[in-house]
Amino acid sequence: MNSKLYAIFAKQQQKSKELKTSNPQQRIQKIQKLKTIVEEKSESIEKAIWKDFRKSPQEVQLTELVPFFMESNDFIRHLPRWMNPKTVSSPIPLIGSTSEIHYEPYGNVLILSPWNYPFQLAMVPLVGAIGSGNTVILKPSEFAPNTSEVLKEIIELAFSEDEVALIQGDAEVASELLELPFHHIFFTGSTRVGKIIMEKAAKHLARVTLELGGKSPVILGNKVSFKYCAEKIAWGKFLNAGQTCIAPDYILMNSNDQETFVSYLKEFINKFYATQTIQESPDYCRIINQKHFSRLMHFIENAIQKGAKLEFGGKGDEKENYLEPTVLTHVPKDALIMQEEIFGPILPIIDSQSIEEAIEFITLGEKPLALYLFSNVKSEIQKVLQNTSSGGVVVNDVLLHFINHNLPFGGINHSGLGSYHGFHSFENFSHKKAVLQQGMFSPMRFVYPPYTEVVEKFSEFLKNFLI
Ligand code: NAD
């Protein structure tokens, strides 16, 4: 075991005893301090993410800083109420007693975060973990090194190492961390690595939250405004150059409507990014690294080889990992691009003649993280909701369930386990302890031995009336 990591962990184990009794005000003060430091460092954050993959400062504000501030404000506003024990009713045999749910911190939490939203996917879970009274070791992704440096500065200014420590490093460092007996592991990343995390967590029976990826489909109904859909899909797909876990991965729609829909898509891509050339646009970011760039180029070549039609884009500039927003139609279902999460700015459109056919196709694959449906027909919406399973669903828009902190955000099976945001984060990082306090009189005395006829009658009563 890595002795440096173990030393930090041991200090955090000690600290968690003190944090266990922390009150809402103490936790809120920590979140407030963190907010102030992030505010002061916001320019450094923007610059770091620009250096990592050329994401515009405005997009950093919208997609990295706003979610962090929203989560912090939610905790600051509601933590005192969330932390209150919740009284629950008691059944008849427990007359005289009180039953409550107490929220207690798990203790020691590990957060492993990815590179694609390198600030918010580290900091939003952190707010939840410390707001719930835990210590944290946070390991951000090695593929966004500039952001990781700023994160380290922020954490060191806001916390002592025995409460929150940031450890930089790659998969090997993550593996070493996973040897430690954390109480809870919060992982955001790929499904492949999610399986490794769960296996390693089993050694210490650590709880896990897995925020994973997958192919999030879009179903386009027949009677929708294609212009309306194209604007929303072009925004949701090419934001962050498609490197978003809940980005629309592919579209299922009637082949007769594709020409009209694609013409609107092109219009909006140009409107969003082609004020100069798209490559020069300050609002369109880069692919994170060479490996992912080559993987995406291979997807395009393979789909075209298999008969897909290139409608827009398709070219890249390897020197700066720039890949044009790309639209493909008539993509065969066995093309490579349909076998795994795309995680890049390529939008395949798949022929699907009906809602039923779309549902059948989606349910053949793993359960997606998000599912998007564009339809104004109530029965179609009901059919899709009832016959598919996914982490979340948005009807007539994309991505937006992520920003409603009253909704749990998370996947299901291959797209994840557990959820967070707002109160769901507080619940995710807290153990719900059942506390029953007996009163002076307890009817349960009637069930003690010796087992007379009274006990039998009492059992009969419990069977029929106890709920
Ligand atoms: P990744 O799984 O490669 O890495 C995520 C984290 O795990 C990093 O910190 C990395 O260092 C660590 N890691 C990598 N290999 C490891 C190993 N063998 N053992 C232990 N730790 C290891 O993911 P990524 O490429 O950084 O991110 C992209 C993926 O994340 C996509 O699949 C995307 O859909 C998913 N994602 C999901 C969400 C969500 O909220 N559900 C959000 C963003 C990204």
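**Figure 1. Asn 321 in the loop between strand E11 (316-317) and strand E12 (322-323) of the predicted model**. Asn 321 has a relative accessible area of 14% and is therefore buried, the limit being under 20%. The phi angle of Asn 321 is positive, at about 50 degrees, although the residue is not a glycine. Most residues other than glycine have a negative phi.

**Figure 2. Thr 329 and His 330, at strand E13 and in the loop that lies between E13 and strand E14 (346-351)**. Thr 329 belongs to strand E13, which covers residues 326-329. With a relative accessible area of 0%, Thr 329 is buried. Its side chain makes a polar contact with the side chain of Glu 311, at 2.7 Å. His 330 is placed in the loop between E13 and strand E14. His 330 is partly exposed, with a relative accessible area of 36%. Phi of His 330 is positive, near 50 degrees, in a residue other than glycine.

**Figure 3. The ligand and its polar neighbours**. Among the 27 residues around the ligand, those that come nearest are Ser 113, Glu 142, Ser 190, Leu 212 and Glu 341. A polar side-chain atom of Glu 341 is 2.5 Å from an oxygen atom of the ligand. For Ser 113, a backbone N or O atom lies 2.8 Å from an oxygen atom of the ligand. Gly 189 has a polar backbone atom 3.3 Å from an oxygen atom of the ligand. The ligand taken alone exposes 840 Å², and the protein buries 91% of that area.

**Figure 4. Composition of the shell around the ligand**. The shell has 15 nonpolar residues, 8 polar residues and 4 charged residues. At least two residues of the shell come from each of helix H7 (171-177), strand E6 (184-188) and helix H8 (191-204). Both domain 1 (3-212 + 417-431) and domain 2 (217-407) contribute to the shell, with at least three residues from each.

**Figure 5. Cysteines 229 and 245**. Are these residues buried or exposed? Cys 229 is buried, with 1% relative accessibility. Cys 245 also counts as buried, at 18% relative accessibility. Why does Cys 245 form no bond with Cys 285? The sulfur of Cys 285 is the closest cysteine sulfur to that of Cys 245, but the two are 14 Å apart, which is too far for a bond. A disulfide requires two cysteine sulfur atoms within 2.5 Å. By this rule the count of disulfides is 0.

**Figure 6. Pro 105 in strand E2**. Strand E2 spans residues 98-105 and includes Pro 105. Pro 105 is buried, with a relative accessible area of 7%. Between the C-alpha atoms of Pro 105 and Gly 410 there are 21 Å, and these residues are 305 residues apart along the chain.

**Figure 7. The cis peptide bond from Pro 449 to Pro 450**. Omega of this bond is near 0 degrees. Most peptide bonds are trans. Pro 450 is located in the loop between strand E18 (430-437) and helix H15 (453-465).

Conventions:
Residues are numbered from 1 along each chain as its sequence is written. This is a predicted model: local features need pLDDT of at least 70, side-chain atom pairs count only at pLDDT 80 or more; totals for chains, interfaces and linings use all residues. Side-chain values use heavy atoms; hydrogens and water are left out. A residue is near a molecule or strand if one of its heavy atoms lies within 4 Å of it. A polar contact is a pair of N or O atoms within 3.5 Å; within protein, one must be able to donate a hydrogen and the other to accept it, and residues adjacent in sequence count only if both atoms are side-chain atoms. Accessible areas come from the Shrake-Rupley method with a 1.4 Å probe; for residues, only the protein chains shown count as cover. Helices (H or I, at least four residues) and strands (E, at least two) are DSSP runs, numbered from the N terminus. Ala, Val, Leu, Ile, Met, Phe, Trp, Tyr, Cys and Pro count as nonpolar, Asp, Glu, Lys and Arg as charged, and the others, Gly among them, as polar. Domain bounds come from an automatic or database domain assignment. Buried means under 20% relative accessible area, exposed over 50%, partly exposed in between (1.4 Å probe, protein chains only).
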